[in-house]
Amino acid sequence: MPTHPALTALQDRLTGALLLPEDPGYEAARQPWNLAIEQHPVAVATPADVDDLRALLRAAQESGMTLAVQPSGHGASGALNGAVVVRMSAFDELSLDLESGVATVGAGVRWGAIVAALEGTGWVAPAGTSPVVSVAGYTLGGGHSWFSRTGGLGSDNLRAAWVLRPDGTHERVDDDTDRDLMWALRGAGGLVGIVTALEIELVHAPDVWGANLTFDVADAPAVVRAVRDLAESAPASLNVFVNSMRMPDAPELPEQIRGRSFLTVQVLSTDGPEDELVDTVRRAGEVRREITGPTSPAALAAASNEPTEPTPGRGASMALSVLDDETIDALLEFRELPEHWPLMGIELRMLGGALDAPRRPGFASLESASWLLHALVPVIPGVPVEPGDASLVAFRELLAPSEAAQTVTTFLGPDQSLDRCGSAEDVARLRGVRSRVDPDGLLEEGRLPR
């Protein structure tokens with residue numbers, strides 16, 4: 001497909017960069033974070049400022065193309081044919097007001113920078129488990145974090161945003177100036193404007209304490225039940241993740257974990273030690289390894305084992321309304337079936353707490369859910385992807401009877417739309433906001449097809 005003249009002319013006018021398919025560097029620049037997703041945009045832009053963004057909007061209007069803002073490449077879901085991918089790395093402002101607990105963050109900033117800046121301050125960011133995810137992409141997509149039971153979704157903490165509307169207007173928006181737009185930004189932000197900066201409320205956490213308990217897989221049924229029962233009494237200051245890992249029998253792995261299955265319970269308290277609550281889980285099985293004590297978001301990020309470079313991967317996520325004994329047994333039996341060997345990890349996150357009472361109205365919500373689950377299938381060169389894809393389909397089918405009414409955008413699979421994240425009324429409202437602020441369809445439709 002020939003390059004539209006509007007894009008060719010734009011290369012000379014931008015202060016930042018615009019890479020076309022024939023340009024050196026385009027192949028690397030077009031790749032999303034998940035290399036298993038193939039996207040082939042007509043160009044990749046790295047604007048230097050708001051004037052560059054306005055020029056991109058004008059070019060989109062002239063050419064009939066769309067703009068797909070993808071700050072760090074996370075969240076990619078499609079080929080983006082006919083779209084210009086916009087990277088926001090130049091928008092790197094970061095300022096912290098520790099008296100009021102507010103961060104002002106440019107759209108190109110990644111969570112690792114904020115986590116590092118807040119170390120030792122008594123404040124934490126409502127950040128995801130990966131330090132390389134962009135604050136904007138995560139927050140505008142809902143975003144569930146280590147601190148969500150305490151501080152809510154990432155989108156719940158969005159106080160205001162600096163938005164470039166498709167008509168070229170650049171302004172600070174909050175609930176007083178445009179309540180509907182803010183509602184849409186909290187969960188479906190990329191559809192209704194180009195966000196250049198965000199104002200985010202931090203989470204007060206003066207005494208962060210953690211526990212990491214590892215059990216043999218044989219104890220998994222009792223341990224998962226203990227965690228499930230703990231959810232009924234856990235204070236909002238307590239955040240719990242459960243990880244079921246099955247390691248491949250690969251010679252490059254250490255002997256102690258090669259070919260082994262194990263279950264890890266990770267507990268994080270923002271209000272100091274919670275040994276009494278953790279004991280209810282500790283007593284459910286034989287603890288093979290335990291680490292407890294004071295911790296910090298920086299330590300959590302360092303121990304997350306999240307990839308720091310783009311890598312291929314496949315996964316499936318489900319928000320559950322209940323986690324009863326029948327579902328626990330079915331999930332753990334499914335986990336150990338030989339044909340599901342591609343599933344390296346299944347993670348369960350305890351919901352509730354602040355998630356049940358969002359502080360601000362937004363499209364994203366987990367009020368109807370009690371647990372958030374994610375299954376991970378690594379993509380290994382030379383290994384067929386079909387068995388892993390089949391296991392992910394079976395994972396979804398297994399949990400479908402317990403599925404909650406909605407999930408959040410940051411946990412959607414590549415094949416899922418925003419219909420999974422809200423009621424029919426919510427989706428209709430979102431379409432109405434998009435039609436008002438982007439009547440010409442200059443922004444990529446993303447997960448809400450026009």
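A cavity here is a set of grid points where a 1.4 Å probe fits but cannot get out.

**Figure 1. Cavities across the whole predicted model.** Rolling a probe the size of a water molecule over the atoms shows where empty space is left. Searching the whole structure this way turns up four cavities of 30 Å³ or more. The largest cavity comes in at a volume of about 120 Å³. It has 13 lining residues, and those closest to its centre are Val115, Ala127, Gly128, Trp146 and Pro297.

**Figure 2. What lines the largest cavity, and where the lining comes from.** Two helices, α4 (111-118) and α10 (297-302), each chip in at least two lining residues. The largest share belongs to α10, with three residues. As for chemistry, the lining splits into 10 nonpolar residues and three polar ones, with no charged residues.

**Figure 3. The largest cavity in its domain setting.** Where does the largest cavity lie? Lining residues come from both domain 2 (94-204 + 422-437) and domain 3 (209-411), so the cavity sits between these two domains.

**Figure 4. A close look at Leucine 80 and its backbone.** Now for a loop: Leucine 80 is found between β3 (66-69) and β4 (83-86). Most residues other than glycine have a negative phi. Leucine 80 is not a glycine, yet its phi is positive, at about 60°.

**Figure 5. The surroundings of Leucine 80: buried or exposed?** The relative accessible area of Leucine 80 is 14%. Buried means under 20%, so Leucine 80 counts as buried.

Terms used
Residues are numbered from 1 along each chain as its sequence is written. This is a predicted model: local features need pLDDT of at least 70, side-chain atom pairs count only at pLDDT 80 or more; totals for chains, interfaces and linings use all residues. Side-chain values use heavy atoms; hydrogens and water are left out. On a 1 Å grid over the protein atoms alone, a cavity is a set of points where a 1.4 Å probe fits but cannot get out, and a pocket is an open set with protein on both sides within 12 Å along at least five of seven lines; lining residues have an atom within 4 Å of a point. Grid points are joined across faces, edges and corners, and a volume is the space filled by probe spheres set on the points. Helices (H or I, at least four residues) and strands (E, at least two) are DSSP runs, numbered from the N terminus. Ala, Val, Leu, Ile, Met, Phe, Trp, Tyr, Cys and Pro count as nonpolar, Asp, Glu, Lys and Arg as charged, and the others, Gly among them, as polar. Domain bounds come from an automatic or database domain assignment. Buried means under 20% relative accessible area, exposed over 50%, partly exposed in between (1.4 Å probe, protein chains only).
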